[in-house]
Amino acid sequence: MSSFPPADFRDPELAAKSPDLRALADIRLVRVEDGPGRGQRLLIARNAAGIGFEVAVDRGFDVSALSLGQIQLGWHSQNQMRFPAQLASSESGYGFLRNFDGFLVTCGLDYYGAPRRAAGDTTVSPHRPERDFPQHGEVSTLQARLAGYGVDVEAGVLWCEGVVRQSGVFGDVLERHRRIELPLGGRTLTLTDRVTNCGFNPAPHALLYHFNFGYPLLDEATELTGAFGDFAARFKALPPKPEADRREIVDHLKLPPDAKGDLRVGLRNEALHGIGVELAYRQAELPDLLVWRSYQSGVFALGIEPGTTLPRVEDGKLVGDSLPPRGRRSYGVAITVTGG
């Protein structure tokens, strides 16, 4: 074999040297046995290109960590992946902040944004004329049904699948099926979601991919890449540097896609061997993009957040996307580790 990682993981010579491929790639289901996260299930994966990731099965089936070699690329908060997750509706709808942690925190499935109260006209119960929408919804707090995981040598990928359901009696029933794949020798993690309204009434629907980056990828030498355009210069004018009284900034962007309808945005740090992360997705699926900068000491995070149309409340009613009864919608994001 002349190169590493190998081009073909089905090569008999490779099988002779590594009978079950654990020397090159692996994905395992484990349970956390200590600390704030005790009791939750994690899928821990790594491949021959040095990419590692974790999936928090019991916290929305989110990609809680991403790394290249020993370098962590995501953000890890002081919450330390607590489990069970606190109710999103607690603390006047700000319970999200007690749980917020990890490289990807998916927000939805019916709402994302600041806590709101709106008419409950999507329910059939006379006891709920209004309903509360907690900050960023509740999907990131839900435990998933693990549909499967493994190493597929024929397809050349690590993979896992999980299903989360957000439901209530007299309420909406939304289900999200997620598949995550990573080539055995590649650097692009592919995330595919399918959201289905399993109920018999129209249901509000919103989805935000809250990708979070922290130190060491986030530092003073970090710059934005891809389709950010003029915003990249505005970002550079306020370099990431922790300060005790630094207030967070959220920018709401509408960026044009390329000729194929794709949007590619990311970041890189030249001082960290040029390592970066690029996000690619269909702009028509996720038309809104939020950029969250929180450089406060002890937080120090950057969020790049593609999402569906930002929901809002007008005249006491929620305004935004919806799914018809038994309707479904699909989304895909490719996450590529660059440089290094």
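Contact, in this tour, means heavy atoms within 4.5 Å. The model under view is predicted.

**Stop 1: Asp288**

Select Asp288, which is placed in strand β19 (residues 288–294). Asp288 counts as buried because its relative accessibility is 2%, the cut-off for burial being under 20%. Show next the residues around Asp288. Not counting residues up to four places away in sequence, Asp288 touches Tyr112, three residues of the run His252, Leu253 and Lys254, and also Glu305, Pro306, Gly307, Thr308, Thr309 and Leu310. To Leu310 there is a polar link as well: the backbone nitrogen of Leu310 lies 3.0 Å from the side chain of Asp288.

**Stop 2: the aromatic pairs**

Display the rings of Phe, Tyr and Trp. A search of the whole structure yields ten aromatic pairs. Select Trp75 and Phe100: their ring centres are 4.9 Å apart and their planes stand at 55°, so this pair is classed as tilted. The two residues come from distant parts of the chain, 25 residues apart. Trp75 belongs to the loop between β5 (71–72) and α2 (90–93), while Phe100 belongs to the loop between α3 (96–99) and β6 (104–109). Trp75 is buried at 5% relative accessibility, and Phe100 is buried at 8%.

Move on to Tyr295 and Phe300, a tilted aromatic pair with 5.9 Å from centre to centre and 50° between the planes. Tyr295 is buried with a relative accessible area of 2%; Phe300 is also buried, with 11%.

Now add Phe96 and Trp292 to the selection of Trp75 and Phe100; ring pairs link these four residues into a cluster. A further ring to inspect is that of Phe200, over which the charged end of Arg326 sits, 4.5 Å from the ring centre.

**Stop 3: the nonpolar cores**

Which residues of the largest nonpolar core touch the most other members? Select Phe53, Tyr209, Phe211, Phe228, Val265, Ile304 and Ile335, which hold that position among the 67 residues of the core. Apart from this core lies another, of eleven residues, including Phe96, Leu208, Leu290 and Trp292.

Return to Val265 and show its surroundings. With neighbours within four places in sequence left aside, the contacts of Val265 include Thr225, Gly226, Ala227, Phe228 and Leu255. Also in contact with Val265 are Val277, Glu278, Leu279, Tyr281, Leu289 and Ile304.

**Stop 4: strand β17 and its partners**

Select strand β17 (residues 262–269), in which six of the eight residues are buried, leaving the strand mostly covered. Strand β15 (residues 222–226) runs antiparallel to β17 and is joined to it by five bridges. In that pairing, Gly226 has Val265 of β17 as its bridge partner.

Next, extend the selection to strand β18 (residues 275–282), which pairs with β17 in the antiparallel sense over eight bridges. Here Leu263 is the bridge partner of Tyr281 in β18. β17 and β18 form a hairpin with five residues between them. In the turn, select His273, which has a positive phi of about 60°.

**Stop 5: the open sheet**

Colour the strands β1 to β5. These five strands form an open sheet in the order β1-β2-β3-β4-β5, with antiparallel pairing. Which strands stand at the edges? They are β1 (26–31) and β5; each has a single partner strand, so one side of each is left without a neighbour in the sheet. The partner of β1 to select is strand β2 (residues 41–46), which runs antiparallel to β1 and is joined to it by six bridges. Within this pairing, Ile27 has Ala45 in β2 as its bridge partner.

**Stop 6: Thr336**

Select Thr336, in strand β24 (residues 328–338). Is Thr336 buried or exposed? At 18% relative accessibility, Thr336 counts as buried. The side chains of Thr336 and Thr188 are joined by a polar contact of 2.8 Å. Leaving aside neighbours within four places in sequence, Thr336 contacts Arg187, Thr188, Gly276, Val277 and Glu278.

**Stop 7: Gly156**

Finish at Gly156, in the loop between β9 (145–152) and β10 (157–167). Add Arg10 to the selection: the C-alpha atoms of Gly156 and Arg10 are separated by 8.2 Å, although the two residues are 146 residues apart along the chain. With neighbours within four places in sequence set aside, Gly156 is in contact with Leu182, Pro183 and Leu184.

Note on methods
Residues are numbered from 1 along each chain as its sequence is written. This is a predicted model: local features need pLDDT of at least 70, side-chain atom pairs count only at pLDDT 80 or more; totals for chains, interfaces and linings use all residues. Side-chain values use heavy atoms; hydrogens and water are left out. Rings of Phe, Tyr and Trp (its six-membered ring) pair if their centres lie within 6.5 Å; planes under 30 degrees apart count as stacked, over 60 as edge-to-face and the rest as tilted. Helices (H or I, at least four residues) and strands (E, at least two) are DSSP runs, numbered from the N terminus. Buried means under 20% relative accessible area, exposed over 50%, partly exposed in between (1.4 Å probe, protein chains only). A charge sits over a ring if NZ of Lys or CZ of Arg is within 6 Å of the ring centre and within 35 degrees of the ring normal. A nonpolar core is a set of buried Ala, Val, Leu, Ile, Met, Phe, Trp, Tyr and Cys residues joined through side-chain atoms within 4.5 Å. Two strands pair if DSSP finds at least two bridges between them. A polar contact is a pair of N or O atoms within 3.5 Å; within protein, one must be able to donate a hydrogen and the other to accept it, and residues adjacent in sequence count only if both atoms are side-chain atoms.
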